[in-house]
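This report goes through the structure shown below, from local strand pairing to the chain as a whole. Residue names follow the numbering of the displayed sequence.

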Amino acid sequence: MNHNESLFAEVSYLILLSVEGKINKEQLEQLDTLLQTSSGARAIYFEVMNVHLGLESLDAVLEHDENDILSSFDTAALEALAEYEKVAPTLESPVSEEVEDLPLRKVKRQEIVYKINKSSIISILATAAAILCIIAFARLVPVYKSDEVATLVDSVAAKWAAAEMPINKGVRFFADGRPLILREGLVKLEFDTHAQVVIESPAEFRILTDDQIELRYGRLYATVPQEAIGFSVNTQTAKIIDLGTEFGVQADIYGDTFLHVVRGRTTLIAGTGSNKISMEVIKGSARKVSGATSTVSNIPLNHHLFARTINSANRFVWRGEVVRFNLADVVGGGNGLGTGQIGKGISLTDGSCVSDFNWADRQGNRDYWPVDASPFVDGVIVPDSDDGILQVSSKGHMFRECPDTNGLYFDEIRNGGLIRMTDSKSSFPMLFNQVEYGTVQRPLLFMHSNACITFDLDAIRSVMPGFDVTAFRSRCVLIEKSDRVRTEKSDVFVLVNGETKFKQVGFDQNGVALDIDIPLTASDHFLTLVATDGGDSIAIDWIGFTEPYVLLQEDR
């Protein structure tokens, strides 16, 4: 058979559906079109139908099922036949002799009785059994069309069992039923129907059709829009049919299935064969299907069990929690999600990102410096104003309550770290109530008077698609110096689009934390933090914003 493999698979699959009475109208039209337009398809049709008719005739002759046939084999007879053939004498054909022409006469033929020996029967039965096995295999193993139906839209640290499996964005997946094994990381697939699934390792799955996936084991989270209703996830013991929703499925190798419906509703079909049961599972509900008994039981919904979305650009994995975008991490050169360097910061001299600091009193010049090294920082400036007006964004937003300071600044704006004095020998940890901050567990954005920094909220939104910026939360504290009683004062301001949303003038209290909770909306574009000298000198103006988070919630 030299037919094109793809064409042969497609035509033979449609013919099989047709002869078994399972073909639908669309598939019948597809078969008709192929037969009318392709000579290759017609040749395949005749070949497949000839085989089918031959097998139907064989079915009529054979009255036994394959178990009866297989049980009739006599292996001892086969062995005896093989041994006899080794020693049996050679049979010679008789040499023909010429005979005289004789007149024809009527001869009465003796009736011949044919005898079928046991070895012949065994041979016939063996052949029939092999054909039946082929038929059974063809009927039991599903035939999948190799259509491209899904795209790899993202992956985080993904490693497949097959080394040749690509992990680049844009790779297409086929509905060929081939097992795909994800050893490490996460992948996000989008089907052509716009249904999306995030699969977390270790996992084995198969793409069956453009709206159906099989999860052998692992975790899968499906987000199904209205146009893709009917998308299904199969496991060993269950089938989940989407009715316009978001749901997570966990399957283990023992057959247990866990369904968690976060939004909308689904239909759960549990069990196999005649023992199937069907039920609706709605938002806020979860079910377990036992692999041993196929029974269904209620379980608590786990909102944070499944990875719902991923972003390889910032290695972001979201499990349904409120996202805390860390501004201290951003100042340390990070992406707001933990990649920044503690101790690194931003210079008030020119807006550059630096790791080495010039710990000395310096004079500002009231210039607003853009910070090109970080997409999330709009700019920095040394706050000082004779008329109370100071530019605090690249778009010209003005801070109209800026104090008239001495224009000096000391140290950089930075991501935690140690305070070092001018002789670079004395250093102090970032302590508040004897608890150290400026660590991964307790982030701190350090600002020594006089300093001002503005963050670009739209830049944060751009790297977190599908999320709304909802608030800024932090606590403002004065970092402690154990051998000195604080007498210096500081002023603290938090601005949104240049407007004051929080302020504390003359702040000089050790051990006191100023709680900051500012709601943010879609019309808010810039967030500004300001620390000034409070009308005296800049000495010991050690101001820290602990856990400085911009909060994001899923856009719904």
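## The β10–β11 hairpin and its neighbours

In this predicted model, T267 stands opposite E280 in β11. The two strands concerned are β10 (residues 265–270) and β11 (residues 277–282), paired in the antiparallel sense over six bridges. Together β10 and β11 form a hairpin with six residues between them. Within the turn, G271 has a positive phi of about 90°.

β10 also pairs with β7, again in the antiparallel sense, this time over five bridges. In that pairing D242 has T266 of β10 as its bridge partner. T245 sits in the loop between β7 (238–242) and β8 (246–251). Is T245 buried or exposed? Its relative accessibility is 4%, so T245 counts as buried, the cut-off being under 20%. Leaving out residues up to four places away in sequence, T245 touches A222, T223, V224, V261, R263, G264, R265 and T266.

## A six-stranded open sheet

An open sheet of six strands is arranged in the order β20-β21-β31-β36-β33-β34, with antiparallel pairing. β20 (369–370) and β34 (499–507) are the edge strands; each has a single partner strand, so one side of each lacks a neighbour in the sheet. Strands of a sheet pair through backbone hydrogen bonds, either parallel or antiparallel.

At the β20 edge, two bridges join β20 to β21 (residues 377–381), and the two strands run antiparallel. P370 has G379 in β21 as its bridge partner. G379 is also one of the residues in contact with I453, a residue taken up again under the nonpolar cores.

## Aromatic pairs

How many aromatic pairs does a search of the whole structure find? The search finds eight. One of them joins F191 and F231 edge-to-face, at 5.1 Å centre to centre and with 70° between the planes. F191 belongs to strand β3 (residues 180–191), while F231 lies in the loop between β5 (212–223) and β6 (232–234), so the pair ties together parts that are 40 residues apart in sequence. Both partners are buried: F191 has a relative accessibility of 1%, and F231 has a relative accessible area of 0%.

Another edge-to-face pair is formed by F316 and F467, at 5.9 Å centre to centre and with 80° between the planes. This pair links distant parts of the chain, with F316 in strand β15 (residues 316–318) and F467 in strand β32 (residues 467–478), 151 residues apart. F316 is buried at a relative accessible area of 8%, and F467 is buried at 7%. Elsewhere, ring pairs link W160, F173 and F205 into a cluster.

## Nonpolar cores

In soluble globular proteins, nonpolar side chains tend to be buried together. Here the largest nonpolar core has 47 residues, and those with the most contacts inside it are L445, I453, F472 and F545. β32 gives the most to this core, with five residues. Apart from this core lies another, of 39 residues, among them L182, F231, V261 and L268. F231 is thus a member of this second core as well as a partner of F191 in an aromatic pair, and V261 is also among the residues that T245 touches.

Which residues is I453 in contact with, leaving aside its neighbours within four places in sequence? They are V331, I346, V377, G379, V380, I413, M447, L527, T528 and L529.

## The chain as a whole

The protein chain contains eight helices and 37 strands. Of its 556 residues, 43% are buried. Among contacts between residues at least 6 apart in sequence, 61% join residues at least 24 apart. The accessible surface comes to about 29800 Å², and 50% of it belongs to carbon and sulfur atoms.

## Confidence

The chain averages a pLDDT of 83, and 78% of the residues score at least 70. Over residues 56–78 the pLDDT is below 50; this stretch has 22 contacts in the model beyond near neighbours in sequence. Residues 133–145 also have a pLDDT below 50, with 14 such contacts. Where pLDDT is low, the predicted coordinates should not be read in detail.

Key
Residues numbered from 1 in each chain as written. Heavy atoms only, no water. Pairing = 2+ DSSP bridges. Helix = DSSP H or I, 4+ residues; strand = E, 2+ residues; numbered from the N terminus. pLDDT = per-residue confidence, 0-100. Contact = heavy atoms within 4.5 Å. Phe/Tyr/Trp six-rings, centres within 6.5 Å; stacked < 30°, edge-to-face > 60°. Buried < 20%, exposed > 50% of the residue type's maximum accessible area, 1.4 Å probe, protein only. Core = buried A, V, L, I, M, F, W, Y, C linked by side-chain atoms within 4.5 Å. Areas by Shrake-Rupley, 256 points an atom, 1.4 Å probe, with all protein chains shown as cover.
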